[in-house]
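User: Please walk me through how to read this model. I would like the general idea each time, then the case at hand.

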Amino acid sequence: MATVALPRSNSSSVGLFREPAMLVPVVGAGVLIYLAVLPLLMLIIGSFQAEVAPREFVFTLKNYQNAYASQYTYSTFKNSLIFASGSAGLSFILGTLLAWLTERTNTPLRAIFVPLAVVPLILPGVLESIAWIFLLSPKFGYLNVWLMSLFGLQSAPFNVFSLPGMIWVHSVGQVPLAFLMMVAAFKSMDPSLEESAMMSGANTWQTFRRVTLRLLLPTAGSVLLILFVRTLESFETPALIGIPARIYVYTSEIYLAFNEYPPDYGRGGALAVGLLLLSAVGVWLYRRSTREGKKFQTVTGKAFRPRQFDLGPWRWVGLTFLLGYFIFVVLMPFLVLFWASFLPFFAAPSWDAIQKLSLDNYRYLSSFRPFWEAMKNSIILATLTASIAMILTSLVAWIVYKSKLRGAWVLDFLAFVPITIPGIVMGMALILLYVAFPIPIYGTIWVLLIAYVTRFIPYGMRAASGSIMQIHSELEEAAAASGASWWETFRRVTLPLLRPGFAAGWMYICIVSFREFSTSVLLATGESRVLSILLFTMFEQGQVTIVAAIGMLMILTLLIIVALFQKISGRVGIQT
Amino acid sequence: MIEVKSLVKIYADGNSAGVKAVNEVSFKVEEGRFYTLLGPSGCGKTTTLRCIAGLERADEGEIIVAGNKVFSASTGTFVPAYRRPIGMVIQSYAIWPHLSVFENVAFPLRVGKQRFSNNDIKTKVAKALEQVELADYGERMATQLSGGQQQRLALARALVREPQVLLLDEPLSNLDAKLRERMRVELRELQRRLRITTLYVTHDQIEALSMSNQIAVMNAGVIVQEGGPRDIYLQPKSKFVANFIGSTNQLPGQISKVNSDGTGVVRTDVGELSCELLSGLLIGAKVVVVIRPESVILHQNKPIQDANVVEAKIGAAMFLGEYLECTIECGSHVLQTHQHYALQVRRGDPVWIDLPAGECMALPVD
């Protein structure tokens, strides 16, 4: 992309450090290497090392032997594979069906289901798992209890503590992602391709099968792949459901290696390297398949009036599905948490239980210090992570897309690397780095801040680069011609123009940081505990109704953050 | 072959009444004819075509294709698109990127009600591809074809089922100028050879004039004039048609005399002009006299006869190769004219322009 090697200034007397356009890329590269590359390096070195933070490096393959040649290796591998492919498949099917019904058919009331389908995004993964345990636990799950009394069953029809249970819970949490990706795919499809099939004599079903589905194949492949990788990297369901059920996947093995006494950092590191490789291959395949997909591209930039399939009487089946999905999958987890948060102990809805409802859990929390500390940590971390990541990525995106510096793509690459790092691998890498590192931040929230910023840089990059590419260079050149220095130009012209992308990215990173679990689970200890970790530990201790109350407050906080942000950004004229 | 009766199509626009994209449109296309709906974008021509194809459902009226009622609002008849004996080509061609050239053309044979053996499919596809001169391209992926080839592929796909009616929705607009000119001739030849009833939609007057047997000019959802290419061009019945088909000069005036043979005299700012009158115009009516740029005759010396001759001077002269585009100022009016390229004039030169009575047309002020 770059043809000119020099920064914009043509004055040769300007030194390196008086020309920020030169200084900024160097600093940016340094920061990215420190954040993204150093931990991975430490992880890889650590996995070949005999002991943690040794005085001298002793090379060994023992860790890999421990990690991959044990009797559990095969079952872990098998479980991971079934869990990931099952979840990818199920969430893909549900997401595609929702997207198709709402976007491309004449199902009644479909418009109101579009926002509803993404509501589960506000529910943190830990809470999603907890809510489904409340519903589907074989001992006390509401749905099981109801079905048993309704049909006079002897045993619970569902057991969430199983591989299918894990697949279901994780899939349900991932459906919004699949839904959004498939909606985009359906929206960008040229309806005239389908109309031509109709004009060639193909009926609705033939058109759908021979044209619509076939055209969606490349997109479907890449969506499935990304869902697969994300499931492989996830730890919420494996931690809350898998570990009690003794169904271990890669992420839980890493966690357990760290949690045994004494912690086996070496084995954890070796497992983490394996997971990292798997994830990197997945991401690489995804990038390749989306690039290949270009030749199938059906987007022409024309404004489409998407064609709606007439389902005939089947549209009522569609509506039933949408309603059922909304009630059972979207609404019920919220309701069950809400209900449980007012109970002294877990009980099914009944007249008895209703009389026991009280605000005691909330009253207890109001004076429960660990809760307030975790709340404070979570809020500080979410806002700081979002701000730092967005400022950093705005600068990097500017350098990559605007500066015409040779080698700017290196920055782009560095900023993309973290997307391949699974959360728990990031945690493992940072432990290995900061246990050995002279800076005493291990055990504080600052190590979490570093982890979050690193992990969410790719999201920030996507938001920032999208809007930075839309800013014409002339606008910045005009500022320079008016006598503004590089920094003045960036601050007064570029940043304000970046606002929409900046705001959207900030928002997204804030939410994902607030609900982050899989990195925090290794890094957040004692005083650096965040809400998701507090939920996890208290749930393990069996204080389930208090956990439900914390969950409700967590959702409430998320909603407040979203609302506040929208109000502020509305006032300064940001459209997200 | 195609009969459209009082077709109405309403689009919701937030108002309760909606917008009538097509308003009481009626026309008839005889078998084997090439019929064109011509009009600016948004005039309802494409909507009309899509209603005939069955891609839109009209709100009122009736559509008969090849003797079958495919749509009738009064009886609630609506034959779905895939059951109508129609082939269609649209502006973007909509070539399926996941199929080869052969499979794109074979598609209608594979999905239709009537089943064909593999051999039949092979022969029919080969024939269709040959018709559009794509015989050697069968095994290519459709996306590897150039724009002009994709256009012909779309045509082959539309023809392979041997439909009784061919619908063409601006099929040439995506081609570059040279190719468009060639395809115009080829398309016209093909239609004549196959004698297939064709309904063509375009905003391009040259396409309409050069290809059609019959043209319907549409504006704001209604057909404003229907007729052969010559009638439409030479005898526009309204200012809109005169303006839309080719460029015209307009001189406002008032009718001062009506003759029994359909001619008359109009008093304008530049003097009295004898001209053809649109029937029904009476003395005293306010009109515009329209005349095509190529009909204006220019004299550098005062001609002997002085009927319909006006004294003027040269405004600007632009050499365009084929002709000289010459604007002429007479009084406060500026006329566009096309003159022979060899004419030597300069700004301000005095000239006399002759507006032949047979080429001047008085139309009512809308």
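User: What distance separates the centres of domain 1 of chain B and domain 2 of chain B?

Analyst: This is a predicted model: local features need pLDDT of at least 70, side-chain atom pairs count only at pLDDT 80 or more, and totals for chains, interfaces and linings use all residues. Residues are numbered from 1 along each chain as its sequence is written, with chains lettered from A and ligands numbered from 1 in the order in which they are written. Over C-alpha atoms, the two centres in chain B lie 39 Å apart. Domain 1 spans 2–239 and domain 2 spans 247–364; the bounds come from an automatic or database domain assignment. Each of these domains of chain B gives four residues to their contact (C-beta atoms, placed from the backbone, within 7 Å).

User: How are the strands of the sheet in chain B ordered?

Analyst: Strands of a sheet pair through backbone hydrogen bonds, either parallel or antiparallel. Here the order is β2-β1-β4-β5-β6 in chain B, an open, antiparallel sheet. Strands are DSSP E runs of at least two residues, helices H or I runs of at least four, numbered from the N terminus; pairing needs at least two DSSP bridges. β1 (2–11) and β4 (60–65) of chain B share five bridges. One pair is B:Lys5 with B:Glu62.

User: Which strands of chain B stand at the edges?

Analyst: β2 (19–29) and β6 (77–78) of chain B do; each has a single partner strand, so one side of each lacks a neighbour in the sheet.

User: How many residues does each chain bring to the contact between chains A and B?

Analyst: Chain A brings 20 residues and chain B brings 20. On chain A, α8 (191–199) and α9 (204–233) each supply at least two. α8(A) gives the largest share, six residues.

Technical notes. Contact = placed C-beta atoms within 7 Å.
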